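Subject: Structure handover

Hi,

Here is the structure I promised to pass on. Have a look at it first, and then read my notes underneath.

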Amino acid sequence: QVQLVESGGGLVQPGGSLKLSCAASGTFVSIYTMGWYRQAPGTQRELVATITFGGTTNYADSVKGRFTISRDNAKNTMYLQMNSLEPEDTAAYYCKAAIRTSLYAVNDYWGQGTQVTVSS
């Protein structure tokens, strides 16, 4: 069984920083592309950033230059460094990973989410 667990959310003032983590645990063969998504109340879940196993990254225009996605493959963990946070960044943040659990099985897994609130 595979689990993704996010941590690092919280309340921060505008202009502040937070670092989110997403750790994968359980039995699996390998983790491919990982990503961060967010969902504010009353809106659809949207892509924030993705990173491949080799480290190629992709960002939503709204976070380019402010957020940095990274991963430590040895620790099966992904990070999101968020700087210059704005009230519009307030949302529940979810991690997602494509994980191979056997020779024939690659599935997407989601974490339970961590809340980020940017407010003075």
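Below is what I found, starting with a sheet, then the core, then two single residues.

Before anything else, please keep in mind that this is a predicted model.

**The sheet**

Let's begin with an open sheet made of 4 strands, which pair antiparallel in the order 1-3-8-7. Its edges are strand 1 (2–7) and strand 7 (67–72), and each of these pairs on one side only. On average, neighbouring strands in this sheet are turned by 15 degrees against each other, if you ignore direction.

If you want to zoom in on one pairing, try strand 1 with strand 3 (residues 18–26): the two run antiparallel and are joined by 6 bridges. A handy example to click on is Glu6, whose bridge partner in strand 3 is Cys22.

**The core**

Next, the inside. In soluble globular proteins, nonpolar side chains tend to be buried together. Here, the largest nonpolar core counts 30 residues, and the ones with the most contacts inside it are Trp36, Leu80, Met82 and Tyr93. Many strands feed into this core: strand 1, strand 3, strand 4 (30–39), strand 5, strand 7, strand 8 (77–82), strand 9 (91–102) and strand 11 (114–118) each give at least two residues. Strand 9 provides the largest share, with 5 residues.

Tyr93 is a good place to start exploring. Leaving aside neighbours within four places in sequence, Tyr93 is in contact with a long list of residues, including Trp36, Leu80 and Met82 from the core list above. Glu6, the residue from the strand 1 pairing, is also one of the contacts of Tyr93.

**Two residues to look at**

Is Arg66 buried or exposed? Arg66 sits in the loop between strand 6 (57–59) and strand 7, yet its relative accessible area is 11%, under the 20% cut-off, so Arg66 counts as buried. Its side chain makes a polar contact of 2.8 Å with the side chain of Asp89. Apart from neighbours within four places in sequence, Arg66 also touches Gln81, Met82, Asn83, Ser84, Leu85 and Glu86, among others.

Then there is Thr50, which belongs to strand 5 (residues 46–51). Thr50 has a relative accessible area of 17%, so this residue is buried as well, again by the 20% cut-off. Not counting residues up to four places away in sequence, Thr50 touches Thr33, Met34, Gly35, Tyr37, Thr56, Thr57, Asn58 and Ile69.

Happy browsing!

Note on methods
Residues numbered from 1 in each chain as written. Predicted model: local features only at pLDDT ≥ 70, side-chain atom pairs only at ≥ 80, totals over all residues. Heavy atoms only, no water. Pairing = 2+ DSSP bridges. Axes fitted to C-alpha atoms, helices over the stretch in contact; angles between N-to-C directions. Buried < 20%, exposed > 50% of the residue type's maximum accessible area, 1.4 Å probe, protein only. Contact = heavy atoms within 4.5 Å. Polar contact = N/O pair within 3.5 Å; in protein donor to acceptor, adjacent residues only side chain to side chain. Core = buried A, V, L, I, M, F, W, Y, C linked by side-chain atoms within 4.5 Å.
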